[in-house]
Structure formats: C-alpha cells, structure tokens
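Colleague: Could you take one part of this predicted model and go through it closely for me? I would like to hear how a single strand sits among its neighbours, and then where empty space is left.

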Amino acid sequence: MIAVPRCMSTQHPDNVSTPFFAQNSVLGGEDEIQEAFYVFSHLGCEEQMWDCEGKEVDNFVIKKLLTKYEHFFRDNILGRDVFVTLRVPNPTVERDEAKILLEALDGIPRSFDMAQIFYQEEVAPIFEVILPMVSSHRCLNRVYLYYKNFVVGKQKKRFFKGDLRISDWIGQFKPDRINVIPLLEDKERLLKADQLIKQYLKGKRLDYQRVFLARSDPAENYGCLGAVVLNKIALQRLYQLERKLGLPILPILGVGSAPFRGNLRPINVENCLNGYPSVQTFTIQSAFKYDYPEKDVKDGIDKIKKTKRGEPIPVDERRAVQIIDKSAREYSSQIRVLAPLVNQLSKHVPARRKRKLHIGLFGYARAVGELSLPRAITFCCSLYSLGIPPEMLGLSAVSARDIKYIQEVYKNFHQDLSDALAFFNPDNLAHLPRTLAKKLERAAGLVDFKPNQEHRELTTLIMNNLNEGGHQLANLQEHIVRAAWIRRFLG
C-alpha cells in the first residue's frame with residue numbers, strides 16, 4: 001500500500017501575500033504549475049490537490065511538471081513519492097461544468113503514458129480524484145464506474161467486426177481503475193459519513209479509502225462550533241467503520257488558517273494535531289504557505305509529517321447533535337441580520353486565484369431560501385474586516401453546561417475563540433441592531449483575549465467607509481488588505 005500523505009497542498013485562495021514566484025497577486029495556471037513544484041521541493045508537502053472545479057483547468061499538469069522540473073522528478077517519482085490529486089466537478093450538482101469531469105478522467109491515461117515515457121516504467125502519476133458535494137454513494141460509483149467502463153473499458157471495443165480493438169490502435173489505457181474520494185460538506189452527509197462509505201465499498205477490493213471532510217463550508221452553513229462538532233462525530237463514525245471492516249479509512253480534513261476555517265497555521269500545528277488525532281491528511285492552504293516565513297512553514301509541515309495518526313476524540317453523539325442544532329439555529333438567525341453588510345463588503349475583497357463562479361451549497365456563492373452569501377473565504381474575510389469574527393456567531397445560544405461539555409470534545413475551543421477575538425471590534429456593534437449586539441457581547445465574554453488595536457482601528461475605518469459610501473468605497477480594498485496582513489490570512 002502507498003504511504004498516504006499527511007499534508008495536502010491546496011489552491012484555496014485565503015492568502016494575503018503574493019507568492020514570490022507569481023506574476024501578480026491573482027494566481028493563474030502557470031503559477032500553479034510552479035506552486036506544485038515549490039510545495040514538493042521546498043516545503044516538503046507530499047501531495048498537491050489540482051482543482052478542476054470552478055476555474056480554468058490545465059489538463060497537461062503532469063507533462064508540464066515532468067518537462068519543466070525534470071531533475072527533481074527523476075528523484076521524486078510522481079505517483080509514488082509525491083502525488084497530484086484532482087478535484088473534479090460533480091455533475092449531479094454542477095451541471096454547467098459536468099463535462100469537465102469527463103475531460104479530467106480522460107486525461108488520466110494520457111498522464112500515465114507521459115510518466116511511463118519519462119520513468120521508463122509503469123507508474124500512475126494520477127490515480128485519485130476528489131468529488132465535491134457528494135450526496136450519496138451513487139455519486140461516487142458513477143465516477144468510479146465511468147472511468148472503469150467508459151475511459152478504460154472502451155479500449156476493448158472494435159471499430160467494426162473483424163477490425164482492430166481501440167487499444168491496438170492507440171495503446172492501452174492505464175491505470176485500470178481510480179480511487180474516488182468523497183468530499184462531504186453538509187450536516188446530513190457528515191452525520192452519515194460511515195453509511196455512505198460502507199455502501200460505496202460494497203463489491204470493491206481496495207487497499208484503503210480516503211474521505212475528505214469539509215471544514216469551511218459547514219462553518220458557513222452551521223457556524224464554527226457546529227462545523228467542528230460535526231467533524232468530530234464524522235471522524236468517530238469513520239473510525240468505528242474502519243475497525244469493523246478492517247480496512248484503513250483515512251480522513252482528509254479541509255482546514256484553513258482562520259479559526260473559523262480550522263486555525264491550522266505554521267505556529268499552531270500542535271493544537272490542530274491534538275484536536276483531530278485521527279485525521280490522516282491535513283490541507284495546507286495558501287495562507288499557511290505564503291503568509292509566514294518559509295522556515296516556519298517547513299517546520300509546521302514537518303511536524304505534521306512526523307506525528308502519527310491516532311484515535312478520534314470520543315463524542316456523545318446525541319448530546320453533540322443537540323448542541324449543533326441549538327447553535328446552528330442561532331447562527332442562522334444572526335447571519336440573516338448580517339448578510340446585507342457581508343454582501344456589500346464582499347465586493348471589495350480581492351481575488352487570489354483565477355476562478356469562475358460555481359454553484360453548490362450555501363457558502364459557494366450560494367443561496368438558502370432568499371439568503372445569498374459569498375464563498376467561505378470571502379464571507380470570512382468580510383466579517384473579520386467588519387471587526388465581527390464569525391466564530392462568535394451562534395454562541396449566545398449555548399449554556400454554560402454546554403460549553404463545559406464542548407471543551408471535552410472541542411479541546412481547542414477556548415484557544416480558537418481567543419485567537420479570533422483578538423480581531424473583535426466592539427465599537428462596530430453600534431452599527432448593528434441592539435439585540436444582535438448584546439448577543440455578540442455575551443459571546444465575547446466567554447474567553448479572555450488580547451485585542452489587536454491596529455486591527456480595531458482599521459475595522460472602524462472600514463465600517464465607516466462602508467456606511468458613508470460614495471468615494472469612500474474606493475479605499476475599502478486597501479483597508480481590507482491591511483487588516484488581513486495583521487491577521488496573516490485573508491479569510
């Protein structure tokens with residue numbers, strides 16, 4: 001069995017700083033080729049997620065890596081030592097991008113051929129794909145079987161009776177099969193992660209199964225507290241299934257630098273490892289890679305790689321779900337009040353990757369009922385820029401007794417909230433309805449924190465500029481970026 005990576009570099013655009021190798025602050029396709037090489041060769045990441053979803057796609061990533069960085073990849077074999085894992089569109093949900101999935105799957109055998117020529121041996125540089133917004137095992141099976149039956153399977157067909165097979169004409173199609181990794185993003189699927197995986201595994205003989213648990217999108221949907229506890233339940237159930245089946249089920253956790261999105265930063269690695277001991281792979285997103293000194297980044301990645309996966313933190317699921325429901329209802333209520341401000345400010349948050357808008361759940365430029373919100377990073381940046389850290393939202397609904405239990409399950413609760421509240425601006429509560437302001441004041445009283453005065457002044461300026469409108473709006477992006485510099489993440 002291949003050693004499954006501990007660190008997966010991703011293309012999440014949550015960074016403030018522009019990488020030294022980039023042509024400009026908005027990374028494009030060629031920048032991302034160089035990024036993949038950089039994270040392998042300099043940062044020590046074993047895996048790069050290559051996003052075919054929501055942006056323009058480079059289907060020749062393997063060819064470009066092998067030809068541009070030949071010396072490195074001679075000694076570090078793609079598909080054996082370092083890995084490129086595709087994130088593909090889900091046709092069940094993303095109808096406009098459905099055929100990009102087919103292009104991505106058709107490109108896997110072509111990448112195999114390129115690697116075979118380069119290495120003079122059979123090695124699959126791409127053999128896993130991540131499927132987002134999975135709603136059932138059927139979504140996974142469609143991708144798994146499409147590749148097996150229609151990408152690889154077509155090689156056995158003849159053009160007409162008595163003629164050549166397709167494989168005789170253009171060569172064999174390899175690898176024979178691919179691994180499909182579900183990305184679970186909503187409450188229903190996270191709570192049934194084990195059932196979904198159990199159904200998908202029927203009739204398959206696999207060495208292991210990876211499962212990607214979203215962290216940012218559940219936070220935008222249900223609040224930070226709800227997202228963390230949902231992940232804890234999913235991790236517990238997946239571990240129980242692993243023990244029952246005797247098959248390694250290896251979770252990937254999609255954590256970013258903002259506490260709202262996971263609080264995984266080079267200087268906070270140990271807390272994250274302690275909080276999620278059963279996670280196999282942690283995402284290393286753009287703020288982690290580019291908003292800290294390179295030495296700190298390398299040390300943080302090295303620490304993750306040297307720590308072995310353990311058992312999950314035990315969760316009383318019934319009690320945990322009650323707390324999730326309670327806090328999520330309050331979170332939703334508070335977001336409805338804040339949505340106009342968030343949407344107004346989000347237009348001024350700078351882009352960091354060349355992406356197309358795509359549809360999904362409530363957090364992907366999404367809508368729930370009549371409420372629309374930007375994607376998670378922009379959403380998070382907007383609230384931080386207003387001096388209202390999103391980690392605060394929904395906490396007014398939980399009791400002191402709930403908090404005491406939460407600390408047993410969510411061991412970093414106080415640390416994450418304290419880290420977030422450093423960027424809280426109580427002065428801006430005057431611009432909110434009094435009922436909401438009082439609830440946020442209560443949330444701020446749950447932990448001790450050290451306010452960042454410079455960030456507070458900038459968020460006061462941002463709120464005033466937003467309310468004044470007119471020519472003052474021209475200054476917003478500059479202030480947003482300055483505040484993000486202080487936090488060391490955009491959103």
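Modeller: What follows concerns one strand, its pairing, and then the open and closed spaces.

In this predicted model, strand S5 covers residues 179-184, and because 6 of its 6 residues are buried, that is, under 20% relative accessible area, the strand is largely enclosed by the rest of the structure. Its side chains are divided between two directions, with Val180, Pro182 and Leu184 pointing one way and Asn179, Ile181 and Leu183 the other, and all of them are buried.

S5 has a parallel partner in strand S4 (residues 128-131), to which 4 bridges connect it, and within this pairing Pro182 of S5 stands opposite Leu131. S5 also runs parallel to strand S6 (residues 209-214), here over 2 bridges, with Leu183 having Phe212 as its bridge partner in S6.

Turning to the spaces, the second largest pocket holds about 400 Å³, and among its 18 lining residues Ile2, Ala124, Phe127, Pro175 and Arg177 are the closest to its centre. By class, this pocket lining comprises 10 nonpolar, 6 charged and 2 polar residues.

As for closed spaces, the whole structure contains 6 cavities of 30 Å³ or more. The second largest cavity has about 80 Å³ of space, and of the 14 residues lining this cavity, Gly262, Tyr276, Tyr410, Asn412 and Asp416 lie closest to its centre. Helix H10 (224-245) and helix H11 (269-275) each contribute at least two residues to the cavity lining, the largest share, 3 residues, coming from H11. The cavity lining has 6 polar, 4 nonpolar and 4 charged residues.

Conventions:
Residues are numbered from 1 along each chain as its sequence is written. This is a predicted model: local features need pLDDT of at least 70, side-chain atom pairs count only at pLDDT 80 or more; totals for chains, interfaces and linings use all residues. Side-chain values use heavy atoms; hydrogens and water are left out. On a 1 Å grid over the protein atoms alone, a cavity is a set of points where a 1.4 Å probe fits but cannot get out, and a pocket is an open set with protein on both sides within 12 Å along at least five of seven lines; lining residues have an atom within 4 Å of a point. Grid points are joined across faces, edges and corners, and a volume is the space filled by probe spheres set on the points. Ala, Val, Leu, Ile, Met, Phe, Trp, Tyr, Cys and Pro count as nonpolar, Asp, Glu, Lys and Arg as charged, and the others, Gly among them, as polar. Buried means under 20% relative accessible area, exposed over 50%, partly exposed in between (1.4 Å probe, protein chains only). Two strands pair if DSSP finds at least two bridges between them.
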